[in-house]
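Grab a pencil and open the 3D viewer. Below are some exercises to try by yourself before you read each worked solution.

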Amino acid sequence: MRKKKITENIVPSLLHTEPVRNAILRNLRYELARDLSTASRHDWWFSLSRTTQERIIERMIATQGEHAKQKVRRVYYLSLEFLMGRLLGNNLINIGIFDEATRALEDLGLGMREIRDEEYDMALGNGGLGRLAACFLDSLATLDLPAVGYGINYEFGLFKQEFKNGYQVERPDEWMKFGDVWEIVRSETSQEVQLFGRVENVFDEKGNYRAKWVDTRTVVGVPHDTPICGYDGSSVNFLRLWRSHAKEELDFEAFNAGGYVEALQNKNLGEVISKVLYPNDSTENGKELRLIQQYFFVACSLRDILRRFHREHGDNIELLPEKIAVQLNDTHPAVAVAELMRLLLDEYDVPWTKAWGMVTRIFAYTNHTLMPEALERWSVPLFGKVLPRHLQIIFEINGCFLKEVEAKWPGDDAKKRELSLIEEGPVQMLRMAHLAVVGSFSVNGVAELHTKLLKEKLFKSFDELWPNKINNVTNGVTPRRWLLSINQPLSEFITSRIGDEWITDLDKLHDLEKIADEKEVLQQILDIKLVNKAHLAKVIERECGVLVNPEAIFDVQIKRLHEYKRQHLNLLYILTLYRRLLQNPDYQMNPRVFIFSAKAAPGYQVAKCIIKAINSVAAVINNDERIKGKLKVVFMPNYRVSLASQIIPAADVSEQISTAGKEASGTGNMKLGLNGAVTMGTLDGANVEILEEVGKDNIFIFGLKVEEVEELKQKGYNPYDYYNSNEELRAVVDWLGSRHFIPNDPHDTLAPLMHSLLGGGDPFMVLADYADYCRAQDELDKVYSDRLRWAKMSLLNTARLGKFSSDRSINDYARNIWKLEPVEVP
């Protein structure tokens, strides 16, 4: 599925510095009315971005024209998150003018790094789910596969994280404060979405008795397109994000009567839908807004898909499954199944059986979690209030589905209760994951272990009912962003040794194994890592006020803050090292810097308590002269793509220490390993496949396996058994809970964490894995002392992780699920 290299043939004028320089100056003058004497760095960033966008749009027009001409089959990727980060660097690389732009900036007395740092991260995601979606868009375009991404154009994104006295404080993330240089607003293709109302039964023109959704409230979705440029600039797809507006933004009568606030009420109600990613759903209003968000973007997207279908293929709606595939990225867009049924039934007058047959040939669903509590569920009263017609349709789908269950397991009411789309209880709940499974032709996990557990546990009965529906597509990351763009020293080294084909064929990295025993090569690997660590050390000093030694081990845990990811297990080992150093000033260990970065959901108190605990411990350790700088702890605030891009190239150790059976895949493990970090991990998620690829001598594995976790649960896990039998563990847990690290806090602020570890039953078995984690960490410290051995481990991690390219993932989806073919653009 890989094309020829086309840059030199298509855009020869882009291969010279002068045209790029002139375009930057033209945009500076005519877009911003600035000149050399008045331009700020932000003005230069804007002008370079506009210059890049001009070239991308040329290819976008050609790509979309060719797709329409050939009447292609497309995939539509529906995701509530797209964590795009900064786009300038990637776009410069993919369109093929990075070097020319760098020289043009140098001619103007500017540096590329400083200009790129002016860009705000596109705050459209929270973590791995959104970043995976962004990687997939890059690969879809690079592989010439026709695709459109759909999501929400959040005004404020998740939140900007600050620390106050060690506590997380959430601030609005005003990522669009200066506008979005990359977006193209398509107001002419806005879509209207209905909400609330009621359903009445009426006779239609043909005399048929049917349901009609009436007395609804209407909001408008305005599409904002971001071009997605594939590597070499051959294909340019786009990401379409919906911004909500009121249908009538100003009540003119109320305004003239002096009711200025009331006159804008509709406008405010319309705009709130796309204000913030993941509004706090601890209140009923918050739950309602989240449901409306999900339906809003799904309804806009499906109407847009149908509009494009009719433009290219005419009025024969029965062709729809042949021309589109819709991928549901987790359960957030699962209501799309009911919405497409509603459109086919109510607006296209398609009979039920035929409509359901079409729907179940269109949707595919990716599951991203093994934890039942993390699967989307909505109360029937709430769902019926917001989407009364859809509730009817879901109950009808469920009735038909349960007949199929009865045919498979006659008289088995327990099986019906297990599989039903409706969970019975004091309040009936809709199981959106079940709706996604029933309404899709394919359900995939995102790592081999994850998919195995889906079949054996979470969706066991579904797998028995439909043995071929559940399949695996292991996640991947784009090497353009996560190696070529963020780690220039290592990328240049790789290209100098094996050529540049690895950029689009990551398996080529295996060629590095041929030089993995050369001392000169291994020293180069160490030197490159040291350069990256020195850069990160400056960032840490600037952002956190902490001086760290680039020669120390940089031990990194960067990911969403959740108990199952076990940042608090890492913290217990930090306390263990600190205690050993205080007890024995001559304790032998390599200096180590533990680097954290993560955001906790605003309503997740234990996760926020872990952040407070790490920051409190860090404040003590970093100012304790007795340990002579051997140990430092840094929690870098406001984790985001651009920060990850600075941390990952500098990491020596990649902490992937979730409780076995809890992490679906993880992609941070892939990004860090690709950049030469050595994994410290449990046999969870994609760690299992990383072990298979890099070999047991190039990874540190510890902890309970999935089956051992389950066995321990069955026996009755008691954290006090481990607490009482391990003196070192008991000492550090007591130390953490003693207020030693929070002497000035008026309340016992770490109590939620201490309760989780002991009285709360330690749900993620931190104490059970503590001893083996310490063993593996101590082993890592000894291995690191042999610098050439460590360098070889680092190089082999880079060389052997080619499997984890998002290009491979997307090829798997295209070939096995979407049945999608590449389209070369002249």
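## Exercise 1: a helix in hiding

Helix α4 (residues 88–95) has 8 of its 8 residues buried, so the rest of the structure largely encloses it. Before going on, know your material: this is a predicted model, where local features need pLDDT of at least 70, side-chain atom pairs count only at pLDDT 80 or more, and totals for chains, interfaces and linings use all residues. Residues are numbered from 1 along each chain as its sequence is written, and side-chain values use heavy atoms, with hydrogens and water left out.

Task: list the buried residues of α4 and find what follows the helix.

Solution.
- Step 1: get the terms straight. Buried means under 20% relative accessible area, exposed means over 50%, and partly exposed is in between (1.4 Å probe, protein chains only). Helices (H or I, at least four residues) and strands (E, at least two) are DSSP runs, numbered from the N terminus.
- Step 2: read off the names. L88, G89, N90, N91, L92, I93, N94 and I95 of α4 are buried.
- Step 3: look just past the end. G96 follows α4, and its phi is positive, near 90 degrees.

## Exercise 2: buried or partly exposed?

Task: place D43 and R171 in their elements, and decide whether each is buried or partly exposed.

Solution.
- Step 1: D43 sits in helix α3 (residues 41–70). Its relative accessible area is 9%, so D43 is buried.
- Step 2: check who touches D43, where contact means heavy atoms within 4.5 Å. Leaving out residues up to four places away in sequence, D43 touches L28, L32, R34 and T38.
- Step 3: R171 belongs to strand β4 (residues 167–171). With a relative accessible area of 39%, R171 is partly exposed.
- Step 4: again leaving out residues up to four places away in sequence, R171 touches F159, K160 and E162. R171 and L158 are 13 residues apart in sequence, and their C-alpha atoms are 9.3 Å apart in space.

## Exercise 3: a strand covered on both sides

Task: sort the residues of strand β2 (residues 147–152) by face, and find which strands β2 pairs with.

Solution.
- Step 1: recall the pattern. In a regular strand, side chains alternate between the two faces of the sheet.
- Step 2: apply it. A147, G149 and G151 are on one side of β2, V148, Y150 and I152 are on the other, and all are buried. That fits the count: 6 of the 6 residues of β2 are buried.
- Step 3: find the partners. Two strands pair if DSSP finds at least two bridges between them. Strand β1 (residues 74–78) pairs with β2 in the parallel sense over 4 bridges, with V75 bridging to A147.
- Step 4: strand β10 (residues 236–246) runs parallel to β2, joined by 5 bridges. Here G149 stands opposite L239.

## Exercise 4: two helix pairs

Task: describe how α13 packs with α14, and how α23 packs with α34.

Solution.
- Step 1: pick your descriptors. Two packed helices are described by the angle between their axes and the distance between the axes. Axes are lines fitted to C-alpha atoms, for helices over the stretch in contact, and angles run from 0 to 180 degrees between N-to-C directions.
- Step 2: helix α13 (residues 336–347) packs with helix α14 (residues 352–359) at about 140 degrees, with axes 10 Å apart. The two are therefore oblique to each other (under 35 degrees is roughly parallel, over 145 roughly antiparallel, 65 to 115 roughly perpendicular, and the rest oblique).
- Step 3: name the contact. V337, L340, M341, L344 and L345 of α13 meet W352, A355, W356, M358 and V359 of α14.
- Step 4: for α23 (residues 519–544) and α34 (residues 787–799), the angle is about 80 degrees and the axes are 9 Å apart. That makes α23 roughly perpendicular to α34.
- Step 5: K519, V521, L522, I525 and L526 of α23 touch R787, L788, A791, K792, S794 and L795 of α34.

## Exercise 5: order in a sheet

Task: give the strand order of the open sheet of 3 strands and name its edges.

Solution.
- Step 1: the order is β13-β15-β14, with antiparallel pairing.
- Step 2: the edge strands are β13 (377–379) and β14 (422–423), each pairing on one side only.
- Step 3: β14 pairs with strand β15 (residues 429–431) over 2 bridges, and E423 stands opposite M429.
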